[in-house]
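Visitor: I am new to this structure and would love a close look at one part of it. Could you walk me through the salt bridges, please?

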Amino acid sequence: MTTETAPAEVLLLRREGPVLIATMNRPERMNALGGGLPEALNEAWFDFKDDPSLRVMIVTGAGDRAFCAGADLRQNDERARALGAESAQALLDADAYRGIRPSFNGNNFGLWKPVIAAINGWCLAGGCELAMGCDLRVIEEQAQIGLPEVKRGMGAKQTTHKLYFLTPLSLGLEIVWTGDTLIAQTAYQLGLVNEVVPKGKSVERALELAQQVCRYPNTYLQYHKLRVFQSIGLPVDYALALQQRDLPHQSSEFREGLQASLGHWPPK
Amino acid sequence: MPSLATRHEGHVLVIEMQRPLLKNALSRALQHELVSAWQELEGNDDLWIAVLHGVGGVFSVGHDVPELARGEGDEADPEPVTGLFPLELSRPVIAAVEGPCYGLGFELALACDLRIAAEGARFGFPDQHLFTSHKVASVLLPHMASLGIGLDLLFTGKTLDARRAEEVRLVNKIVPEGQALAEGVAAARDMAQRFGSAEAFQKQAIWGFPGLPLSTALNLARRM
């Protein structure tokens, strides 16, 4: 295990074998997306994507208050004033801001490796979108998740599209239009998160899940992530008929896995 | 010896997988017998709906791994037999699930139209050494449950109990242990009585809706 620190130290990167743990490290600002954090997240995302020795990434927040509170509105206001704009909304609309949204804010179609959000506290607005952009979500029991933008007169804009693949449409609309945050248990019941764990345990549990994921060969993970992401939003019959190359059972690991499977077959 | 039995109850075809010692593992032979059962269903004007069940308190643990391991040619191929999944049928199929419903067996249950599960049923892909493609589940899980639930089941080997499966919309109804088949048949008989023909279910039309742009779906619906 080696410990390294991103240039700006707003994102701490730690490796656990094939797992990369990225910790957003602006606890004094509830890990808000500013101060170089979006850029650092982007860089880490690309490094993870391109490093064959890394297979799963975990994203979490430093401290015990927040996973991520979304865009750094205070910083945005300062920058907006500097740009001569009157509000943070104007900045959100500015082209200059668009380029530094974290890449895995739902737009991870080019990445077949699983990303897990370990939600250790408040998970709001852009932070919620970041978590929804991940493949799996583990949330601590005291954490809350939501899109409160509407309560500040700002619409949630970035990747709320992901929400509608995580909950039925009516619930998604309720979340976006009321801005009410959900307690962990409610998010779990809706299927918005995969597991609820005790306070302080989200990274530990995410790491266990990551290690389970790592038991599969790359071909298995790649095949299924591509198939899932290619088929969502398509008519079912069309999606079922899609053909893919590199079937998992054609991999060199298949026969070996079969022997291991025999050892504990049939499953209980 | 056949590993599947069918019987008629009024307009309902009851299909039972019968390999209790091997937990209704889907051998190549059993898969072919299922395809024949679907043909029996589609080919008989008096059969409007089917219930699929496994004997011995197990729905199915999925692939017959010992057969795959020792098999040659066709029997060594983990790709499901063509026509195994009842998605293309015109008749609805109810899966009546007791106990483990894993792997290819889970995919088979997902490809049915409705799922009745007994307390004690479990769903998922727990065999983390069996690197097969879950082609059907990858498409259906995001539609039925959610993107996140689908990825979790596919990536972690986690299984869901009946309650959680119901909560995330993978199961329509939970019944006491041992009651899945009886409840499934009762539901099927009731549906047959209400609809009065196989065509009335409009199964293919309904399956054509998910994933369509809303405007296209509305136009289609107007012509139904």
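**A look at the salt bridges**

Guide: Happy to! Let us begin in chain B, where B:R19 and B:D64 form a salt bridge, with 2.9 Å between their closest N and O atoms. This pair ties together distant parts of the chain, 45 residues apart: B:R19 lies in the loop between β2 (12-17) and α1 (28-43) of chain B, and B:D64 in the loop between β3 (49-54) and α2 (65-70) of chain B. Please keep in mind that this is a predicted model. B:R19 counts as buried because its relative accessible area is 17%, under the 20% cut-off. B:D64 is buried too, at 4%.

Staying in chain B, the side chains of B:D113 and B:K203 meet in a salt bridge at 2.8 Å, N to O. Here the partners are 90 residues apart: B:D113 sits in the loop between α3 (103-110) and β6 (114-118), while B:K203 belongs to helix α8 (residues 203-207). B:D113 is buried with a relative accessible area of 17%, and B:K203 is buried with 5%.

Now over to chain A, where A:R26 and A:D72 join their side chains in a salt bridge of 2.8 Å, N to O. A:R26 is in the loop between β3 (19-24) and α1 (37-50) of chain A, and A:D72, 46 residues away, is in the loop between β5 (66-68) and α2 (73-83). A:R26 is buried at 7% relative accessibility, and A:D72 is buried at 3%.

Finally, salt bridges also link A:E195, A:R205, A:E208, B:D152 and B:K158 in a network. Over all chains, the count comes to 25 salt bridges.

Terms used:
Residues numbered from 1 in each chain as written. Chains lettered and ligands numbered in written order. Predicted model: local features only at pLDDT ≥ 70, side-chain atom pairs only at ≥ 80, totals over all residues. Heavy atoms only, no water. Salt bridge = Lys/Arg side-chain N within 4 Å of Asp/Glu carboxyl O. Helix = DSSP H or I, 4+ residues; strand = E, 2+ residues; numbered from the N terminus. Buried < 20%, exposed > 50% of the residue type's maximum accessible area, 1.4 Å probe, protein only.
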